[in-house]
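Work through the exercises below with the model open. Each task is followed by a stepwise solution.

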Amino acid sequence: MSDPSYEELRARVAELEKRGAGRRTGSLEFRVGEKGGVSVYGLGRFPVTLYKEQWIKLLGIGDEIKSFIEQNNDRLKTKE
């Protein structure tokens, strides 16, 4: 296997910089991981990764989660 050319390296650096810039804006990014899970980047330091069935189950009880948060708002911390 030959070493990448200068132009290939420049293109790769540009691609990585583009990806990194998106994370700094606070936007969320979704990716499919090696094991087939859906990862969400941008919520914290590490991605949140769940399998498809887990995401569907979690999204299905979204109203319950919102209600739980409202009921426990005085005990919950917020990230500043």
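Helices here are DSSP runs of H or I with at least four residues, numbered from the N terminus. The model is predicted.

**Exercise 1.** Place isoleucine 69 in its helix and state which surface patch includes Ile69.

Solution.
1. Isoleucine 69 belongs to helix α3, which spans residues 62-71.
2. The relative accessible area of isoleucine 69 is 40%. Partly exposed covers values between 20% and 50%, so isoleucine 69 is partly exposed.
3. Ile69 joins Leu58, Ile61, Ile65, Phe68 and Leu76 in a nonpolar surface patch of about 480 Å².
4. Helix α3 supplies three residues, the largest share of that patch.

**Exercise 2.** Describe how strands β1 and β2 are arranged.

Solution.
1. β1 covers residues 29-32 and β2 residues 38-41; the two pair in the antiparallel sense over four bridges.
2. Across the pairing, phenylalanine 30 faces valine 40 of β2.
3. Five residues separate the strands of this hairpin, and glycine 36 in the turn has a positive phi of about 90°.

**Exercise 3.** Identify the contacts made by the side chain of arginine 31.

Solution.
1. Arginine 31 forms a salt bridge with glutamate 29, at 2.8 Å from N to O.
2. Arginine 31 also lies over the face of tyrosine 41, 4.1 Å from the ring centre.
3. Arginine 31 is partly exposed, at 25% relative accessibility; glutamate 29, at 23%, is partly exposed.

**Exercise 4.** How far apart along helix α1 are glutamate 15 and arginine 12?

Solution.
1. The two form a salt bridge, with the closest N and O atoms 3.3 Å apart.
2. They are three residues apart in helix α1 (residues 6-24), and therefore separated by about one helical turn.

Technical notes. Residues numbered from 1 in each chain as written. Predicted model: local features only at pLDDT ≥ 70, side-chain atom pairs only at ≥ 80, totals over all residues. Heavy atoms only, no water. Patch = residues over 30% accessible without salt bridge, like charges linked within 9 Å, V, L, I, M, F, W, Y side chains within 5 Å. Areas by Shrake-Rupley, 256 points an atom, 1.4 Å probe, with all protein chains shown as cover. Salt bridge = Lys/Arg side-chain N within 4 Å of Asp/Glu carboxyl O. Buried < 20%, exposed > 50% of the residue type's maximum accessible area, 1.4 Å probe, protein only. Pairing = 2+ DSSP bridges. Lys NZ or Arg CZ within 6 Å of the ring centre and 35° of its normal.
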